[in-house]
Amino acid sequence: MTVQIRKGTLDDIEAIQSIATKSWHDTYEKIIPREVQDRFLEMFYNLETLKTRVSATPFAVLEQDDDVIGFANFIELEKRKSELAAFYLVPGMKHKGYGTQLLDEGIKLFALPLPLFVNVEKENTNALAFYKARGFVEWDKFEEDFYGHKLETVRLQLIQHVEEEE
């Protein structure tokens, strides 16, 4: 099984949409009501919006044997700061090292400035553990209204990429 990470293209938008939907439903099933998830997905992962996002912001895609199994979307917030806006793997592909590869290669592929921020729902304990294990530290906590559903969000930041320490 050959795995590669590359820059996302418009040809990847249907795979990105599918992965986001599967991942959201798997991850947030007991955290965010399905109708709230679906409203968010329809707003940010419809094909027209994805065309604009993929054209305007850096996407890294993870392929295994020519199938896209994960993606990361990065945004440069301002000079010398960036954000991981979306980071998803097909549910069955978690805990195999692919997420770490995607994060590391995505940072290198786009020469992202640090700090790199990411927002994680407080109850998404797997994601919090993943990011903290890779050097992210808690920066802030806040409550937000997410399509009528209250979320408690943890904002993490990565100040120094592990690869830079070598």
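**Exercise 1. Helices on the sheet**

Which strands does helix α1 (residues 13–27) lie across, and at about what angle does α1 run to β3? Place helix α5 in the same way.

*Solution.* The model is a predicted one.
Step 1. Helix α1 lies across β2 (59–64), β3 (67–78), β4 (81–89) and β6. The angle between α1 and β3 is about 90°.
Step 2. Helix α5, residues 125–133, lies across β4, β5, β6 and β7. The angle of α5 to β5 is about 155°.

**Exercise 2. Strand order and edges**

Give the order of the strands in the open sheet, and explain why β1 and β6 each have one side without a neighbour in the sheet.

*Solution.*
Step 1. The sheet has seven strands in the order β1-β2-β3-β4-β5-β7-β6, and the pairing is mixed.
Step 2. β1 (3–7) and β6 (137–146) are at the edges; each has a single partner strand, so one side of each lacks a neighbour in the sheet.
Step 3. On average, and with direction ignored, neighbouring strands of this sheet are turned by 25° against each other.

**Exercise 3. Antiparallel pairs and their turns**

Follow the chain from β2 through β3 to β4, giving the bridges and the residues with positive phi.

*Solution.*
Step 1. β2 and β3 run antiparallel and are joined by six bridges. V61 stands opposite F71 in β3.
Step 2. The hairpin of β2 and β3 has two residues between the strands, and D65 there takes a positive phi near 50°. D66 is found in the loop between β2 and β3, and its phi, near 70°, is also positive. Most residues other than glycine have a negative phi.
Step 3. β3 and β4, also antiparallel, are joined by eight bridges. E78 stands opposite K81 in β4.
Step 4. The hairpin of β3 and β4 has two residues between the strands, and R80 in the turn has a positive phi of about 70°.

**Exercise 4. β5 and the loop before it**

How many bridges join β5 to β7, and which peptide bond at P115 is cis?

*Solution.*
Step 1. Six bridges join β5 (residues 116–121) to β7 (residues 149–158), and the two strands run antiparallel. F117 has Q157 of β7 as its bridge partner.
Step 2. P115 belongs to the loop between α4 and β5. The peptide bond that joins L114 and P115 is cis, with omega about 10°.

**Exercise 5. The largest pocket**

Describe the lining of the largest pocket by residue, element and class.

*Solution.*
Step 1. The largest pocket holds about 1,100 Å³ of space. Its lining has 43 residues, and those nearest its centre are Y28, F87, Y88, N124 and Y131.
Step 2. The elements giving two or more residues to this lining are α1, α2 (34–44), β4, α4 (98–109), β5, α5, β6 and β7. β4 gives the largest share, seven residues.
Step 3. By class, the lining has 23 nonpolar, eleven polar and nine charged residues.

**Exercise 6. A salt bridge within a helix**

How far apart are the closest N and O atoms of E48 and K51, and how are these residues placed in helix α3?

*Solution.*
Step 1. The structure holds eleven salt bridges. One of them joins E48 and K51, whose closest N and O atoms are 3.2 Å apart. This falls within the 4 Å cut-off for a salt bridge.
Step 2. E48 and K51 are three residues apart in helix α3 (residues 47–56), which means that about one helical turn separates them.
Step 3. Side chains of opposite charge can pair when their charged atoms come close.

Technical notes. Residues are numbered from 1 along each chain as its sequence is written. This is a predicted model: local features need pLDDT of at least 70, side-chain atom pairs count only at pLDDT 80 or more; totals for chains, interfaces and linings use all residues. Side-chain values use heavy atoms; hydrogens and water are left out. Two strands pair if DSSP finds at least two bridges between them. Helices (H or I, at least four residues) and strands (E, at least two) are DSSP runs, numbered from the N terminus. Axes are lines fitted to C-alpha atoms, for helices over the stretch in contact, and angles run from 0 to 180 degrees between N-to-C directions. Contact means heavy atoms within 4.5 Å. On a 1 Å grid over the protein atoms alone, a cavity is a set of points where a 1.4 Å probe fits but cannot get out, and a pocket is an open set with protein on both sides within 12 Å along at least five of seven lines; lining residues have an atom within 4 Å of a point. Grid points are joined across faces, edges and corners, and a volume is the space filled by probe spheres set on the points. Ala, Val, Leu, Ile, Met, Phe, Trp, Tyr, Cys and Pro count as nonpolar, Asp, Glu, Lys and Arg as charged, and the others, Gly among them, as polar. A salt bridge is a side-chain nitrogen of Lys or Arg within 4 Å of a carboxyl oxygen of Asp or Glu.
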